[in-house]
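Colleague: I have a model open and should like to go through it with you. Could you take my questions as they come?
Modeller: Certainly; please go ahead.

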Amino acid sequence: MADNENSEQQANQEGEKPEENTADYWKAKYEDMRGHMRDWQSKAESNKSVATEYAQYKETTQTEIDKATKRAEKAEAKLADYEANQQKAGWRSAAAEKYGVPAELLHGDTEETINASAEALKAWGDTLKPKSYAPHITDPAGHPEDPNPSENAGLLKQLFNNQ
């Protein structure tokens, strides 16, 4: 039996394959597989560092992309606000000119609400216009007439002889 094992070992050393279903055959298969496993393990370890570097690069790039995207969204929002404010200012100035009211007092977010605000402000302003309480003078050289004569006006005229 020792001779049989020695001959198989010599055959393995010489590159010959041992017979199937023998202990040496399976041991050789096992060692061969372990060799493949070690090769793959070393490849995996070398790839791990590359994969880590790639993940860091990807994270950094994604962060920069996210920052740029947020900056672009912020700029677009500012532009939209600016354009909306310009549109509202145009509507306010048009309504102010049309109704003769100050544009600063108008409010609203749509043209219709701004026009309604201008109409209401004009109507309110018309009620506040001062009424003239000065007497109407028909004869500038004479005495003024009282627009609201009292009950005693006739008596006073008679007493003072139309002075």
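Colleague: Which residues make the nonpolar surface patch?
Modeller: Leu155, Leu156, Leu159 and Phe160 form a nonpolar patch of about 430 Å² on the surface. Please bear in mind that this is a predicted model.

Colleague: And where does Leu155 sit?
Modeller: Leu155 belongs to helix H4, which covers residues 153–159.

Colleague: Let us step back, then. How many helices and strands are there in the protein chain?
Modeller: The protein chain has four helices and zero strands. In sequence order the pattern reads α-α-α-α.

Colleague: What share of the residues is buried?
Modeller: Of the 163 residues in the protein chain, 10% are buried. As for contacts between residues at least 6 apart in sequence, 2% of them join residues at least 24 apart.

Colleague: What does the accessible surface come to?
Modeller: The accessible surface of the protein chain is about 14,400 Å², and carbon and sulfur atoms account for 53% of that area.

Colleague: Turning to H2, what span should its 77 residues have?
Modeller: Helix H2 takes in residues 23–99, and at 1.5 Å a residue the expected span is 114 Å. The C-alpha atoms at its two ends lie 108 Å apart, which agrees with that expectation.

Colleague: Which residues of H2 are buried?
Modeller: They are Asp24, Tyr25, Lys88, Ala95, Ala96 and Tyr99.

Colleague: What follows H2?
Modeller: Gly100 follows H2, and its phi is positive, near 70°.

Colleague: Lys88 was in your list of buried residues. Why does it count as buried?
Modeller: Lys88 has a relative accessible area of 19%, and the buried class is defined as under 20%, so Lys88 falls within it.

Colleague: What is Lys88 in contact with?
Modeller: Leaving aside neighbours within four places in sequence, Lys88 contacts Gly108, Asp109 and Ile114. With Asp109 there is also a salt bridge between the side chains, at 3.2 Å from N to O. The two partners come from distant parts of the chain, 21 residues apart: Lys88 is in helix H2, and Asp109 is in the loop between H2 and H3.

Colleague: How many salt bridges does a search of the whole structure find?
Modeller: The search finds one salt bridge.

Colleague: Is Asp109 buried or exposed?
Modeller: Asp109 is exposed, at 55% relative accessible area, whereas its partner Lys88 is buried at 19%.

Colleague: What else does Asp109 touch, apart from residues up to four places away in sequence?
Modeller: Besides Lys88, Asp109 touches Trp91. Its C-alpha atom is separated by 9.5 Å from that of Gln87, and the two residues are 22 apart along the chain.

Colleague: Now to Gly108. Where is it found?
Modeller: Gly108 is in the loop between H2 and H3. It counts as buried, with a relative accessibility of 18%.

Colleague: Which residues is Gly108 in contact with?
Modeller: Not counting neighbours within four places in sequence, Gly108 is in contact with Lys88, Arg92, Thr113 and Ile114. As for Trp91, the C-alpha atoms of Gly108 and Trp91 are 9.7 Å apart, with their positions 17 residues apart in sequence.

Colleague: May we move on to H3? What span should its 17 residues have?
Modeller: At 1.5 Å a residue, H3 should span 24 Å; its end C-alpha atoms are 25 Å apart, which agrees.

Colleague: Which residues of H3 are buried?
Modeller: The buried residues of H3 are Ile114, Ser117, Ala118 and Leu121. They cover an arc of only 100° around the axis, which places them on the same side of H3.

Colleague: Why would residues three or four places apart point the same way?
Modeller: An α-helix has 3.6 residues a turn, so residues with that spacing face the same way.

Colleague: What covers the buried residues of H3, and which exposed residues are on the face turned away?
Modeller: The cover includes H2. The face turned away from the buried side carries the exposed residues Glu112 and Thr127.

Colleague: Finally, what does Ser117 touch?
Modeller: Ser117 lies in helix H3, residues 111–127, and is buried at 11% relative accessible area. Residues up to four places away in sequence aside, Ser117 touches Leu105, Leu106 and His107.

Note on methods: Residues numbered from 1 in each chain as written. Predicted model: local features only at pLDDT ≥ 70, side-chain atom pairs only at ≥ 80, totals over all residues. Heavy atoms only, no water. Expected span 1.5 Å × (residues − 1). Buried < 20%, exposed > 50% of the residue type's maximum accessible area, 1.4 Å probe, protein only. Contact = heavy atoms within 4.5 Å. Patch = residues over 30% accessible without salt bridge, like charges linked within 9 Å, V, L, I, M, F, W, Y side chains within 5 Å. Areas by Shrake-Rupley, 256 points an atom, 1.4 Å probe, with all protein chains shown as cover. Salt bridge = Lys/Arg side-chain N within 4 Å of Asp/Glu carboxyl O. Arc of directions from axis to C-beta.
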